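Biologist: I am new to this structure and would like to examine one part of it closely. Could you choose a single buried position, describe its surroundings, and then follow the chain onward from there?

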Amino acid sequence: MGKTSDLTAVQKTIIDTLHKEGKTQKVIAKEAGCSQSSVSKHINRQAKGRKKCGRKKCTSSRDNRTLQRIVTTNPFKNVGEIHKEWTAAGVSASRTTTRRLMKDMGFRCRIPCVKPLLNKKQRKKRLAWAKDKKDWTDAEWSKVMFSDESKFCISFGNQGPRVWRKSGEAQNPRCMRSSVKFPPSVMVWGAMSSAGVGPLCFLRSRVNAAVYQEVLEHFMLPAADQLYGDADFTFQQDLAPAHSAKTTSTWFKDHGIPVLDWPANSPDLNPIENLWGIVKRRMQYARPNNAEELKTTIRATWAPITPEQCHRLIESMPRRITAVIEAKGAPTKY
């Protein structure tokens with residue numbers, strides 16, 4: 001940026017604040033995200049008391065407050081809808097002016113975070129679980145094999161509506177959209193531990209208890225041999241009906257495999273959710289033409305995941321648990 005007129009209100013505030021603190025122009029430019037010449041011109045203009053030249057603003061402070069109220073009240077509207085509502089309130093401004101003022105106010109168009117829908121009982125159980133596990137060490141978590149199912153689609157481009165929010169508002173409830181845990185179909189099952197990832201299982205039918213036990217027999221047990229050898233481990237799974245069925249519990253008892261107790265509707269506590277996210281981001285530019293090509297792409301993306309990546313994710317468990325305790329059982333950013 002070479003002109004002071006290009007500076008946003010936020011940048012000008014940062015420049016003024018750091019200048020009063022005696023910071024150098026080079027440091028100020030770096031913090032404000034603009035050129036050093038823009039910082040110099042702004043400081044000199046302020047020192048000389050010169051007013052900003054150029055065309056007079058077409059909106060008043062009251063108009064700007066109206067715009068901010070519209071965006072804050074309806075953060076999921078697009079610029080066109082916000083502009084239409086603003087001009088309907090009697091403001092004469094172009095769509096470009098609307099977008100620019102929203103940017104000056106600190107609003108950015110972002111993909112909203114998704115949080116699980118939790119009731120009071122589930123939040124209470126999550127909090128109790130987190131307090132019970134808060135003293136677990138990295139060595140204890142490394143003995144846990146985390147598992148999960150995830151749905152992969154041919155196209156990853158449609159990520160839903162965007163939201164207008166300011167920096168630091170990602171976890172603000174009004175800027176988030178709720179999700180339902182179980183989608184209509186689930187396609188891929190996988191497992192991970194500090195030692196790496198296990199083989200993937202592509203599910204061809206609706207997962208009931210019998211199908212899930214087949215997955216455990218033919219994919220989980222080989223994964224356990226691959227990741228743990230003869231060492232003991234604890235298996236983690238969520239509370240999907242097929243997972244919590246009596247016959248499934250009997251299967252684990254018959255095979256002598258302990259299962260980690262797990263709070264309902266808590267994907268933010270499971271590090272394999274982040275691993276699925278990594279895989280999907282790496283696949284975002286892939287364009288498989290059919291289901292078989294999609295499976296090939298998933299396998300090719302899953303295979304190179306290193307034990308170091310898995311270990312870093314599992315090392316985050318104490319931080320996840322602390323976040324749940326601080327949020328009193330509510331969904332967290334993980």
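Modeller: Helices (H or I, at least four residues) and strands (E, at least two) are runs assigned by DSSP and numbered from the N terminus. This is a predicted model, in which local features need pLDDT of at least 70 and side-chain atom pairs count only at pLDDT 80 or more, whereas totals for chains, interfaces and linings use all residues. Residues are numbered from 1 along each chain as its sequence is written, and side-chain values use heavy atoms, with hydrogens and water left out.

The position I have chosen is isoleucine 257, in the loop that lies between helix H11 (246–255) and H12. With a relative accessible area of 10%, isoleucine 257 is buried (under 20%; exposed is over 50%, partly exposed in between; 1.4 Å probe, protein chains only). Beyond its neighbours within four places in sequence, isoleucine 257 is in contact (heavy atoms within 4.5 Å) with Met220, Leu221, Phe233, Phe235, Trp251 and Phe252. Of phenylalanine 233 one can add that it stands 24 residues from isoleucine 257 along the chain, with 7.6 Å between their C-alpha atoms.

Helix H12 (271–282) leads to another part of the model, since it is among the elements against which the buried residues of H15 pack. In helix H15 (residues 317–326), the buried residues are Met317, Arg320, Ile321, Ala323 and Val324. They lie on the same side of H15, because they cover an arc of only 160° around the axis, the arc being that of the directions from the helix axis to the C-beta atoms. Besides H12, their packing partners include helix H7 (120–133), strand E3 (144–150) and helix H14 (307–314). After H15 comes lysine 328, with a positive phi near 60°.
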